[in-house]
Amino acid sequence: MIRFLDIQKDIKVTEVQGRYVTNEHVFPFLNSLNNKFKVDAIGESVLGKTIKSVTFGSGKHKILMWSQMHGNESTTTKAVLDFINFIDSGTDLANSISTNCTIKIIPILNPDGAEAYTRINANEVDLNRDAQKRTQPESKVLRSVYEEFEPDYCFNLHDQRTIFNVGATPKPATVSFLAPAYNEERSISSTRGQSMQLIVAMNKELQQYIPGQVGRYDDGFNANCVGDTFQMLDKPTILFESGHYPSDYEREETRALIFCAMLTGVKVISNQNIADYTQKEYFEIPENGKLFYDILIENAQIIDKSLPKDSKMGILYKEKLIMGKLTFDPTVDILEKNNGFFGHLVYNCLNNSDLDKIKSDKKLVEALL
Ligand SMILES: [Zn+2]
């Protein structure tokens, strides 16, 4: 059997890569699609940028996906482009999905945020806290698409920071999922249950590639979040969070894994075998922890004499957009006593070769001064 991860290598939309993804990067691909795909302008952002959707398939199971509602969360956008390309591949699986499902995808819901590389939109509103009031044009666009299309399932597509680990383990949460709650009690309705079962199916697929690197997101209820709102409207909704894969700051590995998860979820919906997966297994996926730094420096007192013995320094990268290019700038957080944190990269200052590595990293040296 062909693994989904191998399929992704063949159908990857290579023109769109890296973390900085805007309308300008995505529209040429959308414009190149054949007539199996219907591309529509569905509205405008605060600054008048076009928001587009792609619709395909003719089946009765309707799936709505939207990505980059947070402008700087582009990994799932790359994955939906790959998914669209896969549908065009004409394989048996692609054709059966097109026959059984109708899928509508909004690749970039927040094009202003995408351009500025910000979470928020141009009015500085977090669209994922605007689901009830819908004060923003982008929130209205999503809602009107939802009402017109009347999806049976919703995929809410995001990125998460590098800080997340799985449970208490030193494994990064490369992918996290959530079946959002629809009330304060976090009850399990039939629709929320289906979200859980779909997540179980996707987790099973991912465990083959990234054992122990899938986490479950916190399910605190917030009606202002879009996922919670759609779940309240009784539509099985799944939150996807693309996270860190070792040394993959461009998130191209994670992109491939999200493609695999997406294809698995859609396949299970297409074949209507959701009942093969149990809700119980959803709760067996460990919750996310927040124990990672991008760099952990041990025995930091060697480089900063003001620190006590056995000090650790945690470094997090700040992403900055400068002249259309994204940079990752280290920022320092000191953890004098703590031992419970992990680093995607660990340097021990008692070790001369690690000290040399620190010294050769100009940006890191600047941050440490
Ligand atoms: Zn997000």
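Glutamate 124 counts as exposed, with 64% relative accessibility. This is a predicted model, and glutamate 124 is a handy place to start looking around it. You'll find glutamate 124 in the loop between H5 and H6. Its phi is near 65 degrees, a positive value in a residue other than glycine.

Tyrosine 117 is another residue to look at here. Tyrosine 117 belongs to the loop between helix H5 (111–116) and helix H6 (137–149). Its phi is near 55 degrees, again positive in a residue other than glycine. Is tyrosine 117 buried or exposed? At 8% relative accessibility, tyrosine 117 counts as buried, because the cut-off for buried is under 20% relative accessible area.

Here are the two loop residues, plus a helix residue we'll come back to:

| Residue | Relative accessibility | Status |
|---|---|---|
| Tyrosine 117 | 8% | buried |
| Glutamate 124 | 64% | exposed |
| Threonine 264 | 8% | buried |

Now step back to the whole chain. The domain assignment of the protein gives domain 1, covering 4–289, and domain 2, covering 292–368. Taken over C-alpha atoms, the centres of these domains are separated by 33 Å. Domain 1 puts 16 residues into the contact, and domain 2 puts in 11 residues.

Let's take the eight-stranded sheet next. It's an open sheet with mixed pairing, and 8 strands line up in the order E1-E2-E4-E3-E5-E9-E7-E8. Its edge strands are E1 and strand E8 (214–216), each pairing on one side only. From one strand to the next, the twist averages 20 degrees. Helix H3 packs on this sheet, where it touches E2, E3, E4, E5 and strand E9 (237–242). The direction of H3 makes about 130 degrees with that of E5.

Strand E2 (residues 50–56) deserves a closer look. Of its 7 residues, 6 are buried, so strand E2 is largely enclosed by the rest of the structure. With strand E1 (residues 38–44), E2 pairs in the antiparallel sense over 6 bridges. E1 and E2 form a hairpin with 5 residues between them. In the turn sits glycine 48, with a positive phi of about 85 degrees. Across this pair, valine 39 stands opposite valine 54 in E2, while lysine 38 stands opposite threonine 55 in E2. E2 also pairs in the antiparallel sense with strand E4 (residues 101–106), over 3 bridges. There, valine 54 stands opposite isoleucine 105 in E4. As a bit of background, strands of a sheet pair through backbone hydrogen bonds, either parallel or antiparallel.

On to the metal. Which residues coordinate the zinc ion? The zinc ion is held by His70 (ND1), Glu73 (OE), Glu73 (OE) and His158 (ND1), at 2.0 to 2.7 Å. The site is irregular, with angles of 53 to 147 degrees among its 4 donor atoms. Along the chain, the donors of the zinc ion follow the spacing H-x2-E-x84-H. Histidine 70 lies in the loop between strand E3 (61–67) and helix H3 (75–87), and histidine 158 lies in strand E5 (residues 153–159), so the pair ties together parts that are 88 residues apart in sequence. Both histidine 70 and histidine 158 are buried.

Threonine 264, the third residue in the table, lies in helix H9 (residues 252–271). At 8% relative accessibility, threonine 264 counts as buried. What is threonine 264 in contact with, leaving aside its neighbours within four places in sequence? The contacts are Phe4, Ala201, Met202 and Glu205.

That leaves the four-stranded sheet. Its 4 strands have the order E13-E12-E11-E14, and the sheet is open, with mixed pairing. The edge strands are strand E13 (325–335) and strand E14 (342–348), each pairing on one side only. The twist averages 30 degrees from one strand to the next. Strand E11 (residues 292–298) pairs with strand E12 (residues 312–322) in the antiparallel sense over 4 bridges. Which residue in E12 is the bridge partner of isoleucine 297? That partner is methionine 313. Finally, helix H11 (residues 352–360) lies across E11 and E14, and H11 runs at about 110 degrees to E14.

Key. Residues numbered from 1 in each chain as written. Predicted model: local features only at pLDDT ≥ 70, side-chain atom pairs only at ≥ 80, totals over all residues. Heavy atoms only, no water. Pairing = 2+ DSSP bridges. Helix = DSSP H or I, 4+ residues; strand = E, 2+ residues; numbered from the N terminus. Axes fitted to C-alpha atoms, helices over the stretch in contact; angles between N-to-C directions. Contact = heavy atoms within 4.5 Å. Donors = N, O, S within 2.8 Å, 3.2 Å for Na, K, Ca; no water. Tetrahedral: all angles 85-135°; square planar, octahedral: opposite > 155°, others 65-115°. Buried < 20%, exposed > 50% of the residue type's maximum accessible area, 1.4 Å probe, protein only. Domains from an automatic or database assignment.
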